[in-house]
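I keep these notes for someone opening this structure for the first time. Each entry records what I looked up and what I found.

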Amino acid sequence: MTAPATTEAPRPEVGRSRTRKEDARLVTGRTTWTDNITMPGLLYLAILRSPMAHARIDRVDVAPALERPGVVAALTGRDLADELSPMPCVWPVTEDIVMPDHPAVAVDEVRYAGEPVAVVVARGRYAAADALEAVEVDYTPLPPVLGLEAALADDAPLVHAGKGTNRCYTWPLDTGNYAAQKARADVVLRRRYTQQRLIPNAMEPRAVVATPPTASNEYTLYSATQVPHVARVILSMVTGIPEQRLRVIAPDVGGGFGSKLQVYGEEAVALALARKLGRPVKWTESRSEGYQATHHGRGQIQDIEIAATKDGEILGLSVDLLADMGAYLMLITPGIPLLGAFMYPGIYKMNAYTFRCTGVFTTKTPTDAYRGAGRPEATFAIERTMDELAAELGLDPIELRRRNWIRHEEFPYTSIAGLTYDSGNYEAATDRALALFGYDGLRAEQRERHARHDPVRLGIGISTFTEMCGLAPSRVLRDLRYAAGGWEAATIRMLPTGKVEVTTGTSPHGQGHATCWSQIAADVLGVPFDDIEVVHGDTRAVPQGMDTYGSRSLVVGGLAVHHAALKVVAKARRVAAHLLEANEADLDFSAGTFSVRGSPEATKTIQDVAYATFSSHDLPDGMEPTINAGHLVDPDNFSYPHGTHLCAIEVDTETGRARIRSYVCVDDIGKVINPMIVQGQIHGGLAQGIAQALYEEAVYDTEGNLVSGTMADYAVPAAPDLPDFVTDRTETPATSNALGVKGVGEAGTIASTPAVVNAVVDALRPLGVRDVAMPCTPQRIWQAVTDARAKEAKT
C-alpha cells in the first residue's frame, strides 16, 4: 500500500542565511560605479583646494589655466556665486543657532585646508588636474582656530568674523533634579574623555557625473551617495533646477559609513557646469581630497560627572559636551551630537540626568555623520565611566552594571532621557557573552600575572550597550527641529509573467537590501526568492524615499516592503475569490496559493491572479486592473538593539603594544532576516570601533594643516591588525513593528570602542593608570605607564 503524498511547506526565507544577490556583480566589479560612467562629450572637473586653514582670498586668476591643453573652462567661486545658492544645513537645532553661509566654492575667505577655491574643466582627467597648478591665488593668512575650548575664549580669532562668535549653539536637556541627587551621593566621579576626529575612508571615493539639460530641460545626476532622494531636494534648492526636472541616480555605491549621507558642493558645481557648458561633467575625488574635503566624524570633548551611593546605585549623570562643527554646517552637522544626547544614560536606571552640548566652529574640515552618529560617543562615555565607578567602589564592573541596568521584566521602560525602550534582555545577552568569553578564568589569569609582575598585563574590557536607531518617527524629528521626516516607502509590482519588482526608498551601499527585501517579500507573497528583483537608488524609478542612514533601512524600509506585500495579498484575495466563485472570508492563503476552505482542489496562485489582473478579462466589478501596492511607514518609536561586548587585551608595559587576545560579542537585534548579513554587519562595525580605540585619528598641526592626510599617515587597520571575533546573539523581538526587527548596521561600532579602551585601562590600572587617550597607540600607552610610575616614585 502506497503512503499518501504529503506536501511540505516551503522553508521560510526570513531567518535564512542567503548568499547576497548583489555579491556576484559587486565582488567582480561587473557593475556600474559612478566613476565607470562614460558618455559622449564627457568633460572632467578638477578642484583647486586651499593649502591654508584660514586666509583671506585677495586674488584668483584662472586665465593661465585656460591656456593649458585640453582645458575648456576655469571658474572662481565668484564666477559660480550667481549660479549656486549656499549649501544648506537642514538641522537648525536651536532658534538662535549661528548658521553662516557655506559657498560650494569659496569667494572671499577660506576656512579649512582643502576648501575649494577654483575649478577647472578639461577634456581629460589628467589635463584638468595638471591645469590646477596654473591657477594663481594670493592669500592673506588669518589665525587658525583649532582647540574647542580656546575657540570659545573672549579673545579667540573668529572663523566667521561677521557672526561675532565661534559658538554655534548650546542645546540643553534636563530631567529630574541632578543637584539634589548629587547632594545625597556618597561618590561623585568626574572624568573627561576626548572623541578624536575620524576620517570615513569608504572603499569607493566620492564621484559625480552630471548631464546637461535635455531638449525638455531635464537633468540627471549620478552620484556615489547614500541619499539620492535627499540630494534631489537639496540640489534643486541650490542650483535652481526644478525638482521635477532633476533625476538623481545612486548606482552601486562602494561604502559610505555616513560620509555619503551628505550633499556636497562638488555635486552642485558639477550640475552648474553641465548646465553652463552643455556637456556632461564628471568629478571623482582623489584619496587626498577625500581625507581633506569629505566630512569628518566625531570630534568632541566630554566632561562627565556621575553621582552614586557607596553600594553602587547610580543616582544621577551630568554631561557637558563640546562638539567640533568644523568650518561650516553641512547637511546635519549640528544634530549629530544630539543623537547621542538621549543615549548617555545607556541601559541604566537613575533619578536625574542633565546634558548640555555646545557646538563650536573651528578652521577644520566640517564634521557630520560617521557610523553610529552620536551614539558611539555616548556609549563610550557611560561605559568608560561605569568602569571608573566600579574601580572607585571596589566592585567588579559586571556586578556594578547588574545593580543598575533595566531588568527584562521592566520593559517597556522609559529612560531618564525620555525614550521608551520597547523590549530587551540585558541579562541573557550578558550571561551568554560571559560564558563564551570565559570571564572568571580570565580574571584569575589577570590576578596571577599581576602578582608575578608580568610586564605584559592582561586587561578585560566590558561594554553593555543599547542604541536608538531607525531614524524616525517624524513627530520626534519635528520636535528636534529636523527639516525632514523619518518615513520610508516601498512598492510591490506583480508582473504579468508572475515575477515581482520591489521598489524601495532606501539606498544601499553594501548592506544587502536586494537580498533581505527579497526574503521579506517572498515570505509574504509566497513567490520564489529568485523571482524577485529590488529596484533602488533612482529618483525616477522610485519617486519616494528617505534613503539610508542611522540603521533605519530594515526597521523602516524593510517594514514598508512587508506592509506593501500584505496589501498586494489583500488585493489579490479579492480577485482570487471572484475567479474561484467564493467568498473572500472562505479563502486560505499559503505558500503563494489561494484555496477555498473545504475544497482544496479549487486554487489560484498569486501569479495566476497577477496575470488575470493584467488581462482584465474577468475582474470584480469596480476593481482597478492591478494588484500592485505601495506603503509608507512612519514608525511610532525608535528601535533599540542592545548587547554585551567583552575584550581581553594584552598590553606590553615596556613597549606600549596592545594586542587583542579575544573578543566576544552577543548582540540582540530582535528578529533576524539573514544571519549571514547580520554577521557581516557586526564584523564591519567591530573593525571600525576597534580602529577608533587603537588606530585612527585625524591630526592637525598648529597651523591647521591635516598631517594625517594619506593612508601612510592615517592608520586604517588591515586584516592582520584585527582579532578573530566570537559572535552570537539573543533574540528579543521588537514590539514596535510587525517584523519584530531592530537595527544592526552600527551596533558593532557603538559597542566595541569602549570595550577595547576599558580593556587597555583595566590592564594598566594596577600601575596607577586610569585613562589612555584614543587612539591607544603604543606611544600613548607607554607614556601613560611612564607617567604613572613617575608619579608613584614621587609619592
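What covers the buried residues of H7? I went to the model, which is a predicted one, and found that the cover includes E10, E11 and helix H8 (265–277).

Entry: helix H7.
I looked up how much of H7 is buried and got 10 of its 12 residues, so the helix is largely enclosed by the rest of the structure. I listed the buried ones: Pro228, His229, Val230, Ala231, Arg232, Ile234, Leu235, Ser236, Val238 and Thr239. I then checked the length of H7: the span from first C-alpha to last is 16 Å, close to the 16 Å expected at 1.5 Å a residue. For its placement, I noted that H7 (residues 228–239) lies across strand E10 (219–223) and E11, and runs at about 145° to E11. Just after H7 comes Gly240, whose phi is positive, at about 80°.

Entry: the sheet beside H7.
E10 and E11 led me to the sheet they belong to, an open one of seven strands in the order E3-E5-E1-E12-E9-E10-E11, with mixed pairing. Which strands stand at the edges? I found strand E3 (71–76) and strand E11 (246–249) there; each has a single partner strand, so one side of each is left without a neighbour in the sheet. From one strand to the next, the twist averages 20°. I also looked at one pair inside the order: strand E9 (residues 207–210) and strand E12 (residues 281–284) are antiparallel and share four bridges. In that pair Val208 stands opposite Trp283 of E12.

Entry: strands E22, E23 and E24.
I followed these three strands in sequence order. Strand E22 (residues 587–590) runs antiparallel to strand E23 (residues 593–596), with four bridges between them. Leu587 has Val596 in E23 as its bridge partner. The hairpin of E22 and E23 has two residues between the strands, and Ala591 takes a positive phi near 50°. E23 also pairs with strand E24 (residues 599–605), in the antiparallel sense and over four bridges. Here Thr593 has Thr605 in E24 as its bridge partner. The hairpin of E23 and E24 has two residues between the strands as well, and Gly598 in the turn has a positive phi of about 95°.

Entry: nonpolar cores.
Which residues touch the most other members of the largest nonpolar core? I found Trp171, Tyr344, Phe355 and Tyr663, out of 149 residues in that core. Helix H20 (residues 747–764) gives the most to this core, with 11 residues. Another core, of 47 residues, lies apart from it and has Ala514, Val561, Leu619 and Ile627 among its members. I then listed what Trp171 touches, leaving out residues up to four places away in sequence: Val93, Thr94, Leu338, Ala341, Phe342, Phe355, Arg356, Cys357 and Leu480.

Entry: helix H11.
I compared the span of helix H11 (residues 375–393) with the expected one: its 19 residues reach 27 Å from first C-alpha to last, close to the 27 Å expected at 1.5 Å a residue. Of those 19 residues 17 are buried, so H11 is largely enclosed by the rest of the structure. Gly394, just after H11, takes a positive phi of about 70°.

Entry: three loop residues.
Is Ile406 buried or exposed? At 1% relative accessibility Ile406 counts as buried; it is found in the loop between helix H12 (397–404) and strand E16 (413–414). Leaving aside neighbours within four places in sequence, its contacts are Ile347, Lys349, Phe411, Tyr413, Tyr421, Tyr426 and Glu427.

I next took Ser639, in the loop between strand E25 (629–633) and strand E26 (642–652). Ser639 counts as buried, at 4% relative accessibility. A polar atom of its side chain lies 3.5 Å from the backbone nitrogen of Gly743. Beyond four places in sequence, Ser639 touches Glu467, Met468, Cys469, Val555, Val741, Lys742 and Gly743.

Last, I looked up Asn674, in the loop between strand E27 (658–668) and helix H19 (675–694). Asn674 is buried, with a relative accessible area of 2%. Among the residues it touches are Arg16, Ser17 and Arg18, and also Thr515, Cys516 and Gln519.

Note on methods. Residues numbered from 1 in each chain as written. Heavy atoms only, no water. Pairing = 2+ DSSP bridges. Axes fitted to C-alpha atoms, helices over the stretch in contact; angles between N-to-C directions. Contact = heavy atoms within 4.5 Å. Core = buried A, V, L, I, M, F, W, Y, C linked by side-chain atoms within 4.5 Å. Buried < 20%, exposed > 50% of the residue type's maximum accessible area, 1.4 Å probe, protein only. Expected span 1.5 Å × (residues − 1). Polar contact = N/O pair within 3.5 Å; in protein donor to acceptor, adjacent residues only side chain to side chain.
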